[in-house]
Amino acid sequence: MAIPLNLREATAEQMQDFLNSFDIVFCDCDGVIWHFLNPIPGAIMSLKKLQDLGKKLYLVSNNSNISIDDYIKNFKKHGLSVEPEQIIISVKVISFHLKKLKVSGKVVVLATPQFRESLNKDGFHTIMPTFEINEQDPLNTIKNIYNQACVDAVVLDFCNYDWSLIIFLLKCLNNESVYYITGCADEYISYNYNEKIIGSGPFIDIISKYSKRSPIKCAKPSQILKQYIFETCNVQDPARCLFIGDSIKADMKFAHMCGFKKMFVDTGIESIKNAIKDEETCPHFYLPSLGMLCPIIDSLQNISSKQNKV
């Protein structure tokens with residue numbers, strides 16, 4: 001198995017070859033650029049450097065808890081200007097797929113208010129049912145759940161999953177004509193360096209198990225996301241795309257699915273030691289932190305400037 005090139009140890013020639021090997025950069029956000037919007041030192045500036053070099057930049061995240069506008073504002077606050085089309089989050093991809101499916105009826109959406117608002121703006125009729133559980137009369141609670149109107153699709157993402165909602169979702173998914181779609185289904189999410197908490201994945205797994213349904217996945221790593229990226233990002237040659245991430249199952253696996261070059265950073269939920277164990281997830285390039293890329297590029301540019309003067 002090939003050993004990833006540690007860019008901290010790369011020669012000037014190797015570093016230039018690295019920069020010349022791609023035209024498009026796809027970069028994860030949580031655990032790579034920030035932890036809960038607290039920037040990882042130098043990471044955003046590294047992306048700005050790549051964008052200044054003429055690389056087309058896209059931010060690809062399973063996190064739809066933040067609106068597109070808030071993504072843009074947070075990047076701008078730290079010196080990086082991006083347009084809405086450069087932000088690729090799961091709710092965008094789900095909307096893209098729901099339109100392809102021509103869903104026109106009600107859509108049950110278990111996700112954040114920002115997620116539902118985004119789908120509403122795209123013309124979908126979303127609902128987020130709530131049920132008051134009467135502990136003295138649980139049968140009446142169940143009747144209220146089962147008396148709810150039919151829906152066309154169930155969409156699951158990061159949310160608070162309680163008993164009554166799970167029962168309602170299972171009731172909806174008992175109808176095979178109801179589409180079952182998932183966004184973020186990460187087992188864990190990163191909230192600090194090498195620290196993680198449980199994500200939405202285990203809860204979605206419960207619903208999949210008891211509904212006996214396999215969801216249409218729209219987040220990393222999924223074929224629907226791949227389709228979205230190839231259709232909207234003008235990917236001509238996958239081998240000239242670089243994907244930067246901290247997750248083995250989501251980022252590195254997805255990059256492999258797409259035929260992209262892979263760069264792994266150690267500031268998230270997993271380590272380079274585990275990433276290199278499997279050929280599919282073994283990255284081509286490695287840095288302990290994306291922030292380390294900025295001074296490397298500066299150093300390379302200084303060398304080039306001195307050579308030009310001579």
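**A tour from the parallel sheet to the nonpolar patch**

Begin at Leu-110, whose bridge partner in β9 is Leu-156. The model is predicted: local features need pLDDT of at least 70 and side-chain atom pairs count only at pLDDT 80 or more, while totals for chains, interfaces and linings use all residues. Residues are numbered from 1 along each chain as its sequence is written, and side-chain values use heavy atoms, without hydrogens and water.

Select next residues 106-110 and 153-156: these are strands β7 and β9, which run parallel and are joined by 4 bridges. Strands are DSSP runs of E with at least two residues, helices are runs of H or I with at least four, and both are numbered from the N terminus; two strands pair if DSSP finds at least two bridges between them.

Widen the selection to the open sheet of 5 strands, ordered β8-β7-β9-β10-β13 with parallel pairing. β8 (125-127) and β13 (216-217) each have a single partner strand, so one side of each lacks a neighbour in the sheet.

Move to helix α4, residues 90-101. Its buried residues (under 20% relative accessible area, 1.4 Å probe, protein chains only) include Val-91, Ile-94, Phe-96 and Leu-98. Just after α4, Lys-102 takes a positive phi of about 60 degrees.

Finish with Tyr-188, Ile-198, Phe-203, Ile-206 and Tyr-210, a nonpolar surface patch with about 480 Å² of accessible area together. Helix α8 (residues 201-211) gives the most to the patch, with 3 residues. Such patches join nonpolar side chains (Val, Leu, Ile, Met, Phe, Trp, Tyr) within 5 Å, from residues with over 30% relative accessible area and no salt bridge, that is, no side-chain nitrogen of Lys or Arg within 4 Å of a carboxyl oxygen of Asp or Glu. Areas come from the Shrake-Rupley method with a 1.4 Å probe.

Terms used:
Patches are made of residues with over 30% relative accessible area and no salt bridge: like charges are joined within 9 Å, nonpolar side chains (Val, Leu, Ile, Met, Phe, Trp, Tyr) within 5 Å. The expected span of a helix is 1.5 Å times one less than its number of residues. Buried means under 20% relative accessible area, exposed over 50%, partly exposed in between (1.4 Å probe, protein chains only).
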